[in-house]
Each structure stands twice: as structure tokens, then as C-alpha cells.
Amino acid sequence: MALQLGDNAPNFTAQTTEGTIDFYTWLGNGWGILFSHPKDFTPVCTTELGTVAKLRDRFAQRNVKVIAVSVDTVENHRGWIGDINETQACTMNFPIIGDPDRKVADLYGMIHPNASDTLTVRCVFVIGPDRKIKLTLTYPASTGRNFDEILRVIDSLQLTAKHKVATPANWQDGDDCIVIPAVSNEEATDLFPKGFTEVKPYLRTTPQPNR
Ligand code: BEZ
């Protein structure tokens, strides 16, 4: 069965462009993103990896480590990195897993046979410090991902892990949040000193609590 939210992110050992890693040891105590690429030396993937390299500081500010995987060898990845740096005006700064035997791709269900028998689709797994899966995304090979959206989701995941709020549609860091239904008005008064607004009994908003 496919990995689902709340499942343990499976551990593995793999060769990467930054040496052999044990995934759990590499993750440490922070957050992690594991994301797959259909193939090396392909155009959309090239732009994605360059984009992520340029977002390094924004992931680091959130204590998030990033690692990519594709079903090519580390040697191939090393050759491709030169092209990524050249064409995307970046310096690659995170590891790419070499997965020619599809060990990681199969473990995480990244090959969708009705899309392609041999290449991974574009998966994203956000993994929390408890090593559980907090978010999954699946895109087809033809559509590059929006990494600003992934940062936005991480802001929501980290906020809602600590405070009894949820985030509304199109929420951005700093916007008002929603008081979760399990919190009574009495508890909300204690929890949210900036106050809350009751639009409906089930729809209550409050300023972002960690600001
Ligand atoms: C790409 O990254 O551009 C790509 C990879 C596989 C299939 C189609 C596009």
C-alpha cells in the first residue's frame, strides 16, 4: 500500500552525490524533504534542482534538509550537476541519491506503472522530526513543482504542530489562522491572548500565534 500521512518514513542506506548515507542519520532531529526526479539530463528536472539549490537558506531557516532521488547512478548525477550549475546559475548544495536499482523509488512508491514503468513520477515527501510523513505530493513528469508552495506548507506544518490552529486556503506566513474545532471558546480565550473572531461557531479566526 502507498505510504500515507502519519506513516513512518522508511529508512534506507543509499549512495548519494555527497557520499553514502543512512537516511535517518542524515535526517537527524530536524525536518526533511525527499523528492524524486524522473531522469538525469532532462529539462524540467534541471530547473527544479536549480530552484531548490537557490532556496537553500529558506529551507535551512526552517530546519529542513533536502535530498533528491532519481533512478540514475551517482556518477551520472555528478555529470548532470555541472549542467545544473551552469544553466540555472546556482551551486548545487544538497545530495542526490543514486538509485539505479530503484531501491528507494520502490520503498517510497515513486514509480507509477501507468505513468511510466521505468521512471519515477515527481513525488515529494515532507518528513517531520518524529520521522513520520507529514505531506505527500505527486506530480507528473511534465509539470515542474512549485517550491514556494512547499515552503508555504512547511510553515503551516510547523505552526500547526505547535499551536492549536489550522491554516486557511492560500494562507501565507503572517496571515490570520483558524482556531481548530476541538478548542472551546473558553480554551481559545486562554490560548490566544490576541483574541479570536467568531464568524460562525465552527469558523473562528485568530492572529498567527507565533508572531
Ligand atoms: C523533464 O524533466 O523535463 C522530463 C523528464 C521526464 C519526462 C518528461 C520531462
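Here a colleague new to this structure asks a modeller how to read its features.

Colleague: Before we start, what kind of model is this?

Modeller: This is a predicted model, so let us read it with that in mind. Shall we begin with the ligand?

Colleague: Gladly. Which residues surround the ligand?

Modeller: P38, T42, P43, V44, C45, R122 and A141 surround the ligand. Helix 2 gives the largest share of that shell, three residues.

Colleague: Which polar atoms of the protein lie by oxygen atoms of the ligand?

Modeller: Take them one at a time. T42 brings a polar side-chain atom, 3.0 Å from an oxygen atom of the ligand. V44 uses its backbone instead, with a polar atom 2.6 Å from a ligand oxygen. C45 also has a backbone N or O atom there, at 2.9 Å from an oxygen atom of the ligand. As for cover, the ligand on its own has 260 Å² of accessible area, and the protein covers 75% of that.

Colleague: Now the helices. How should I think about which way their residues point?

Modeller: An α-helix makes a turn every 3.6 residues, so residues three or four places apart point the same way. Helix 2 covers residues 43–54, and its buried residues are C45, T46, E48, L49, G50, V52 and A53.

Colleague: How far does helix 2 reach from its first C-alpha to its last?

Modeller: Helix 2 has 12 residues and reaches 17 Å, close to the 16 Å expected at 1.5 Å a residue. You can try the same check on helix 6, residues 147–162. Its 16 residues should span 22 Å at 1.5 Å a residue, and the end C-alpha atoms are 23 Å apart, so the two values agree.

Colleague: Which residues of helix 6 are buried?

Modeller: The buried ones are F147, I150, L151, R152, V153, I154, D155, S156, L157 and L159. Look at the start of helix 6 too: a side-chain oxygen of N146 comes to within 3.0 Å of the backbone nitrogen of D148.

Colleague: Let us turn to sheets. What holds their strands together?

Modeller: Strands of a sheet pair through backbone hydrogen bonds, in either a parallel or an antiparallel way. Here you can find an open sheet of four strands in the order 8-9-11-10, paired antiparallel. Strand 8 (165–166) and strand 10 (197–200) stand at the edges with a single partner strand each, so each has one side without a neighbour in the sheet.

Colleague: How many bridges pair strand 10 with strand 11?

Modeller: Three bridges, in the antiparallel sense, pair strand 10 with strand 11, residues 203–206. Among the partners, T197 is bridged to T205, and E198 to R204. A hairpin of two residues joins strand 10 to strand 11. On strand 9 (residues 177–179), two antiparallel bridges make the pairing with strand 11, and C177 stands opposite T206.

Colleague: And where do the side chains go in a strand?

Modeller: In a regular strand they alternate between the two faces of the sheet. Strand 11 shows this: R204 and T206 point to one face and are buried, whereas L203 and T205 point to the other and are not.

Colleague: Could we look at single residues? Is A68 buried or exposed?

Modeller: A68 has a relative accessible area of 0%, so it is buried, as the cut-off for that is under 20%. A68 sits in strand 4, residues 64–70. Setting aside neighbours within four places in sequence, A68 contacts F35, H37, L49, F94, P95, I96 and I97.

Colleague: What about H77, and where does it lie?

Modeller: H77 lies in helix 4, residues 74–88, and is buried at a relative accessible area of 0%. A polar atom of the H77 side chain is 2.7 Å from the backbone oxygen of I97. Beyond four places in sequence, the contacts of H77 are T17, D40, S70, D72, I96, I97 and G98.

Colleague: Finally, which non-glycine residues should I check for positive phi?

Modeller: Have a look at N63, with phi near 60 degrees, and R131, with about 65 degrees. N63 belongs to the loop between helix 3 (56–61) and strand 4, and is partly exposed at 49% relative accessible area. R131 is in the loop between strand 6 (122–127) and strand 7 (133–139), and is partly exposed at 27%.

Key
Residues numbered from 1 in each chain as written. Predicted model: local features only at pLDDT ≥ 70, side-chain atom pairs only at ≥ 80, totals over all residues. Heavy atoms only, no water. Buried < 20%, exposed > 50% of the residue type's maximum accessible area, 1.4 Å probe, protein only. Contact = heavy atoms within 4.5 Å. Expected span 1.5 Å × (residues − 1). Polar contact = N/O pair within 3.5 Å; in protein donor to acceptor, adjacent residues only side chain to side chain. Pairing = 2+ DSSP bridges. Near = heavy atom within 4 Å. Areas by Shrake-Rupley, 256 points an atom, 1.4 Å probe, with all protein chains shown as cover.
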